[in-house]
Amino acid sequence: MAARKNIILMEVVELELDIGENFGSSSKLEEAVCNHGFFMMAPNEWNPLTKTLTRPLRLDDSITSAIVSVSHDGTNPNSLRIRIHPLHRHRPISSSDRQSVLDQVRRMLRISSKDKNDVIEFQKVYPEAKTRGFGRLFRSPTLFEDTVKSLLLCACGIRRALEMAENLYKLQSKLTDGIIRGPPTPNSKDLNSTRKRGFKRKIATATTTTTTTTTTTTTTITTTINSKKAPNLQFEMQNSDEKIGNFPSPKELASLDEDALNKQCNLGYRVAHILNFAKKVENGKIKLEKYEQEISSKKIFDSLMKINGFGPFVCANVLMCLGFYQKVPVDSETMRHLRQVHGIEIHKKKTDKAIVEQIYDKYGPFQCLAYWFELIEYYESKFGKLSELPKSSYSKVTGYLGNKQNVKNNND
C-alpha cells in the first residue's frame, strides 16, 4: 500500500465586494470579463458554467501568489464574492493581502467612480451598448501584464498570442520552483530557490464554519473556514511550501537573457522588446505608476512610442488599459472588420488611420470602446456568446475564421 501523503487543509478567505447598481445584475460579471482577448489569455480562467473568473493574484508582498476566484454573490446582485485560496500554511492571508486582492479585482473589472462615469457617458453616445450592457473592457491586475500582453497580440493571430501567454505563465512556475535559472546575480538566490515539487489541489466538502466580518463603505471582508454554504472553499496540499505559477513579474523576466526566455516561451522577435521593457521597469527607467497617474493621453502615447518595439497598436492598447479610449488599436483584424462590417476596402496602409478616425471619431472620447463593441457584436453573431465558449474554442475567435460551424466542429 502506498504511503499516505501529508495533507494540509488550507483556510480560504472570502471577501464581499460592493459593485453598485450599474454593475449588479446577474449577467454583469460575464459582460465585464468576456469582452476582450485578455480574458482568454493565461493565467485567466473563465468558467462558462459557473460564471466564475479564477486566476492567481499576488499578495501584498508582491511575491507570494494565491488562487483567487470571482463570482456574483447569489444573495446580493450588487456584490461580488471573492475567494482567496492560500497555498502556504505559514503564510496566512493578512488584512493588507486582502486589500491588495481587492485592488487587483477592481482594476481588472474597472470598478471605480471614473469607470462608472465612462460607462454612462459612452452609452449616451452609443445607445446600443447600453442594451447590451457593454462599457467596460477587461484588463489585467497590473499595467505590466497588460503591456506585455499587448506586445503578444501585436502582429499575430489569437492562437499564437494565447500560446505565448500560456508559455509565460508556465515559465513563472519554473522560475519560482528553481527549474529555470537566469544568469548568476548577487540576488539570484532570492528568485531561483531550490526546486520544489508541484502542488496538488483537491476540492473538499466542508463541515464547520467560523466567520469574521469587517465592513467598510464599499467592502465586506469575511473569513470562512470549511463552510457548508461554500463547499468548494478548501484546498488540500501535499507540501506546506508549495508555490503556484502566475504571470511573470518584471524582476523575474529581467533575470533571464534573450536565449533562455525565447527557448522557454517561443516569443520570436518580441523577446527583445519584452525583455528590454521588463529590465527598464525593474531598474526604474520606466515608471509604470507615472503612466497610471498621468491625465494626458497624448503625453502617455508619446512616451510609450519611444520604447523599443512599441508601435501605434501596442501604445493604443496600453492607453485603453489605462482608461483612455481615443485611439483605436489598428491591426489586420481592424482592416478585416472595416471590410466585412463597414464595407470599406483599404488598399494603402497610410489611409487606414484616416478611415478609422472618420468612422469612430463621432463616438469620441470613446472611439476604442465603440470599435470593441462592434467587434464583440460581430464575433458573437458568428460564434455565440463569448462567455459561453469553452476554452478550446478561444483560438477560433477571429474575423478570418468567423464561421459558427468551425467552432461547433471543434467541440465535437
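# Briefing: helix α13, the core and the β4–β5–β6 strands

In α13, the buried residues are F313, V314, C315, A316, N317, V318, L319, M320 and C321. With nine of its 10 residues buried, α13 is largely enclosed by the rest of the structure. These statements, like those that follow, describe a predicted model, and they cover helix α13, the largest nonpolar core, the strands β4, β5 and β6, the pairing of helices α5 and α10, and two buried residues, I307 and D352.

**Helix α13 and the loop before it**

- The buried residues of α13 pack against four helices, namely α2 (95–109), α5, α12 and α16.
- Following α13 comes G323, a residue whose phi is positive, near 95°.
- I307 is found in the loop that connects α12 (297–304) with α13 (312–321), and because its relative accessible area is 8%, under the 20% cut-off, I307 counts as buried.
- Not counting residues up to four places away in sequence, I307 touches N276, I286 and Y291; although I307 and N276 are 31 residues apart along the chain, their C-alpha atoms are separated by 8.8 Å.

**The largest nonpolar core**

- The largest nonpolar core holds 104 residues, and within it L109, L168 and L261 touch the most other members.
- The element that gives the most to this core is helix α16 (residues 367–383), which supplies 11 residues.
- Once its neighbours within four places in sequence are left aside, L261 is in contact with L168, L171, L253, L256, N266, L267, V271 and L275.
- As general background, nonpolar side chains tend to be buried together in soluble globular proteins.

**Strands β4, β5 and β6**

- Strand β5 (residues 65–72) is mostly covered, since eight of its eight residues are buried.
- From β5, the residues S65, I67, S69 and S71 point one way, while A66, V68, V70 and H72 point the other way, and all of them are buried.
- Strand β4 (residues 52–58) runs antiparallel to β5 and is joined to it by six bridges; R55, for example, has V68 of β5 as its bridge partner.
- β4 and β5 form a hairpin with six residues between them, and in the turn S62 has a positive phi of about 65°.
- β5 also pairs with strand β6 (residues 79–85), again in the antiparallel sense and over six bridges, and here the bridge partner of H72 in β6 is L80.
- The β5 and β6 strands likewise form a hairpin, with six residues between them.

**Packing of helices α5 and α10**

- Helix α5 (residues 143–153) and helix α10 (residues 270–282) pack at an angle of about 165°, with their axes 10 Å apart.
- Because angles over 145 degrees count as roughly antiparallel, α5 and α10 are roughly antiparallel to each other.
- The contact is made by F144, T147, V148, L151 and L152 on the α5 side and by R270, I274, F277, A278 and V281 on the α10 side.
- The crossing of α5 and α10 is right-handed.

**A buried aspartate in helix α15**

- D352 lies in helix α15 (residues 352–360), and because its relative accessibility is 13%, D352 counts as buried.
- Apart from its neighbours within four places in sequence, D352 is in contact with V330, M335 and I346.

Notes. Residues numbered from 1 in each chain as written. Predicted model: local features only at pLDDT ≥ 70, side-chain atom pairs only at ≥ 80, totals over all residues. Heavy atoms only, no water. Core = buried A, V, L, I, M, F, W, Y, C linked by side-chain atoms within 4.5 Å. Buried < 20%, exposed > 50% of the residue type's maximum accessible area, 1.4 Å probe, protein only. Contact = heavy atoms within 4.5 Å. Pairing = 2+ DSSP bridges. Axes fitted to C-alpha atoms, helices over the stretch in contact; angles between N-to-C directions. Parallel < 35°, antiparallel > 145°, perpendicular 65-115°, else oblique. Left-handed = near helix turned anticlockwise from the far one by under 90°.
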